[in-house]
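Biologist: I would like a close look at one part of this model, followed outwards as far as it leads. Please keep the terms plain, since I am new to reading structures.

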Amino acid sequence: ARDSVEDLGQWANIAASNVGIVVVPSDPQDGGPWFSPDGVEWTLIEGLQLSPLALTASNERFLATDEDGGVVSSTDGTNWQTVEDLPAADFHLVAATPFGFYAAQDTSIWRSPDGVEWTQLPTPSLDGRVISIAGTQTGLVAVTVIPDPREVRFWHTTEGTVWTELQGLPQDAGCAQVSASESGFFAITFIDDSSPDGSSAAWFSEDGRRWARVATGPGRLAV
């Protein structure tokens, strides 16, 4: 493991709550995760390996999946507990929203008010593996991917049960991410085109239904 967070290479994920910040390195050899109460002083959390793709936080709680696909939780960023008696194994994605926590297991979506008690949502209309979820007070947006031929699709719901496929966003993107803030939703789409590093586009929506492209550029962007 590295001696300090400044020695790390790429960070695979980062999440912040009211008590501080947790980062997960891309390389497991870098140890981690790491916690900081202020972004200046950092502490390596010994004995815990988190999935680099599944880390999120509400104001009160960090939630992540560990290397075995289990869910772990922390209210202070340094002491983590395994969430027992999960109704499903191998959550590959967790996300905090104003409606609580959401998790994905392949093509299914689960919801929890507290990160402990989980309920599977009816998602009969969703096609493909769920790769990203975000939410505001106006509803939720999910991104799914279909492998062959590879397509990404965006979906919106106001209450978590009826999902509507969104139009106007590129289906031929190689991958896509969505995030949310108080002002609305942000999305990144990446297309592996003829340019050396591919190209990305950034999108914004106030309500999760109507989207506008706000930026484009070479290479991969992230939200």
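Is Phe91 buried or exposed, and what is its relative accessible area?

Modeller: The model is predicted. In it, Phe91 is buried, with a relative accessible area of 3%. That counts as buried because the limit is under 20%.

To see the surroundings, begin with the strands that follow. β9, β10, β11 and β12 make an open sheet, in that order, with antiparallel pairing. β9 (93-97) and β12 (119-120) are the edge strands, and each has a single partner, so one side of each has no neighbour in the sheet. β9 is joined to β10 (residues 100-105) by five bridges in the antiparallel sense. One residue pair shows how this works: Ala96 has Phe101 in β10 as its bridge partner.

After β10 comes the loop that leads to β11, and Asp106 lies in it. The phi angle of Asp106 is positive, about 60°, although this residue is not a glycine. Most residues other than glycine have a negative phi. Asp106 is partly exposed, with a relative accessible area of 39%.

Now back to the ring of Phe91. A search of the whole structure finds seven aromatic pairs. Phe91 and Trp110 form one of them, with 6.1 Å from centre to centre and 55° between the planes, which makes the pair tilted. Phe91 lies in the loop between β8 (81-82) and β9, while Trp110 lies in strand β11 (residues 108-112), so the pair ties together parts 19 residues apart in sequence. Trp110 is buried too, with a relative accessible area of 7%.

Another tilted pair is formed by Phe185 and Trp211, with centres 6.4 Å apart and planes at 50°. Phe185 lies in strand β18 and Trp211 in the loop between β19 (199-205) and β20 (212-218), so this pair ties together parts that are 26 residues apart in sequence. Phe185 is buried at 0% relative accessibility. Trp211 is buried as well, with a relative accessible area of 14%.

Trp211 is worth a further look. Setting aside neighbours within four places in sequence, its contacts include Val141, Leu166, Leu169 and Val178. Phe185, Phe186 and Ala187 are also among the residues in contact with Trp211, as are Trp203, Phe204 and Ser205. In the largest nonpolar core, which has 15 residues, Trp211 is one of four that touch the most other members; Val141, Phe154 and Val178 are the others. Five elements give two or more residues to this core: β14 (139-147), β15 (150-157), β17, β18 and β19. β14 gives the most, with three residues. In soluble globular proteins, nonpolar side chains tend to be buried together.

Two of the strands that supply this core are also partners. β17 (residues 175-181) and β18 (residues 184-191) run antiparallel and are joined by seven bridges. They form a hairpin, with two residues between the strands. In the pairing, Ala176 has Thr189 in β18 as its bridge partner.

Ring pairs also occur in a group: they link Phe35, Phe62 and Trp80 into a cluster. From Phe62 the path leads to Ser17, whose contacts beyond four places in sequence are Ala57, Ser58, Asn59 and Phe62. Ser17 lies in strand β1 (residues 11-17), and it is buried, with a relative accessible area of 13%. A polar atom of the Ser17 side chain lies 3.2 Å from the backbone nitrogen of Val19.

Last, the chain as a whole. It has 20 strands and zero helices. Of its 223 residues, 48% are buried, and Phe91 is buried as well. Among contacts between residues at least 6 apart in sequence, 35% join residues at least 24 apart. The accessible surface of the chain comes to about 11,100 Å², and 47% of this belongs to carbon and sulfur atoms.

Definitions and conventions: Residues are numbered from 1 along each chain as its sequence is written. This is a predicted model: local features need pLDDT of at least 70, side-chain atom pairs count only at pLDDT 80 or more; totals for chains, interfaces and linings use all residues. Side-chain values use heavy atoms; hydrogens and water are left out. Two strands pair if DSSP finds at least two bridges between them. Helices (H or I, at least four residues) and strands (E, at least two) are DSSP runs, numbered from the N terminus. Rings of Phe, Tyr and Trp (its six-membered ring) pair if their centres lie within 6.5 Å; planes under 30 degrees apart count as stacked, over 60 as edge-to-face and the rest as tilted. Buried means under 20% relative accessible area, exposed over 50%, partly exposed in between (1.4 Å probe, protein chains only). A polar contact is a pair of N or O atoms within 3.5 Å; within protein, one must be able to donate a hydrogen and the other to accept it, and residues adjacent in sequence count only if both atoms are side-chain atoms. Contact means heavy atoms within 4.5 Å. A nonpolar core is a set of buried Ala, Val, Leu, Ile, Met, Phe, Trp, Tyr and Cys residues joined through side-chain atoms within 4.5 Å. Accessible areas come from the Shrake-Rupley method with a 1.4 Å probe; for residues, only the protein chains shown count as cover.
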